[in-house]
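Here is a short briefing on a ligand site and a helix beside it. Please keep the structure open as you read.

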Amino acid sequence: MTRKKITVIGAGNVGATLAQRLAEKNLGDIVLLDIIPDMPQGKALDIAETGPLCYFDSAITGTNGYEETKDSNIVIITSGVARKPGMSRDDLLTVNVGIVKGVAESVAKTSPNAILILVSNPLDAMTYVAYKISKFPKHRVIGMAGVLDAARFSAFISMELGVSVENIHAFVLGGHGDTMVPSTRYTTVAGVSIEELIPPERLKDIVVRTRNGGAEIVNLLKTGSAFYAPSAAVVEMVEAILKDKRKILPCAAFCEGEYGIQNLFVGVPVILGSNGIEDIFEINLNEEEATALHKSANEVELLCNKVDTLLGH
Ligand code: APR
């Protein structure tokens, strides 16, 4: 059996950490691509040299060109600029549209059957760019955000209650931005809604902290944005796809009427399997949740309108 081929575009903080994590889980052979000469080659070699210590056989190739990425099964796009303190994810739009556009064109040519996972920010808009440019079917273009946001939500709940993260199922909807919708009703600890376990005022603080989870890290790091949790979130998605787990995870998916959202990538629970998005998992939202989700979708739509202008569509 040949190993799966996973390409990571962008060998910066997120990309390089992701390559290391994918290798340590033996999920396939990895190609790490960046525009900076020699840098991805150096990082790939360094990661390969951890193989005997971390017990993996994945081959890791660093490159500046797309030839080595040919016929990848999964391509993860992390290329782009990251936030600095005081910047919102949306401030990255113009620069990252150009970067993701160029990358998506190249990937569509060299790996026409790949599943694309987007990480570059602003996430929902970048996923839209990759979808438009690659012309891949919607089930093969997925944005990573909800898994990260849910992990942050879970981590904060675990800290609050002093219980294992393994008991927590966090539920997050909406765009990857300040309007994201962490659902307290559907977030459970050992099957019990957190609304029954955490007083409303505390819960509100935890929801706000989750929404601002990325900014909290940017303000501490000062020179870049989070990468340990984002890379781990991508691994969970890659594993669900390559092992055809049909795992329900919150991802940015192209909605065509689901949750009342039309023609937009927004964070919704999806079933992830070997075809990518096997289905969007629709559940009943109460009025408050639906209103918050649509507000978030409206923000994403505004950004996508800007994307259309930038792409000349
Ligand atoms: N092709 C390939 N790589 C590129 C390209 C391109 N066209 N343009 C930029 N890059 C590379 C940069 O050279 C850099 O090495 O992308 C890498 C980005 O790495 P970092 O600056 O360390 O940023 P990182 O923290 O990894 O975040 C990347 O993910 O979470 C999001 O908001 C974040 O948009 C940002 C992205």
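The points below cover the ligand shell, its polar contacts and helix 4.

This is a predicted model. The ligand has 22 residues around it. The protein covers 84% of the 730 Å² of accessible area that the ligand has on its own.

**Ligand shell**
- N13, V14, D34, T78 and N121 come nearest to the ligand among the 22 residues around it.
- By class, the shell holds twelve nonpolar, nine polar and one charged residues.
- Two elements give two or more residues each to this shell: helix 1 (13–24) and helix 4 (93–110).
- Helix 4 gives the most, with three residues.

**Polar contacts**
- The side chain of D34 has an N or O atom 2.6 Å from an oxygen atom of the ligand.
- N121 also uses its side chain: a polar atom there lies 3.0 Å from a ligand oxygen.
- V81 uses its backbone instead, with a polar atom 3.0 Å from an oxygen atom of the ligand.

**Helix 4**
- Helix 4 has 18 residues. Its first and last C-alpha atoms are 25 Å apart, close to the 26 Å expected at 1.5 Å a residue.
- Its buried residues are L93, N96, V97, V100, V103, A104, V107, A108 and T110.
- An α-helix has 3.6 residues a turn, so residues three or four places apart point the same way.
- The buried residues of helix 4 pack against three strands: strand 1 (5–9), strand 4 (74–77) and strand 5 (115–118).
- They also pack against helix 5 (123–134) and helix 10 (287–311).

How values were computed
Residues numbered from 1 in each chain as written. Predicted model: local features only at pLDDT ≥ 70, side-chain atom pairs only at ≥ 80, totals over all residues. Heavy atoms only, no water. Near = heavy atom within 4 Å. Polar contact = N/O pair within 3.5 Å; in protein donor to acceptor, adjacent residues only side chain to side chain. Areas by Shrake-Rupley, 256 points an atom, 1.4 Å probe, with all protein chains shown as cover. Helix = DSSP H or I, 4+ residues; strand = E, 2+ residues; numbered from the N terminus. Nonpolar A, V, L, I, M, F, W, Y, C, P; charged D, E, K, R; others polar. Expected span 1.5 Å × (residues − 1). Buried < 20%, exposed > 50% of the residue type's maximum accessible area, 1.4 Å probe, protein only. Contact = heavy atoms within 4.5 Å.
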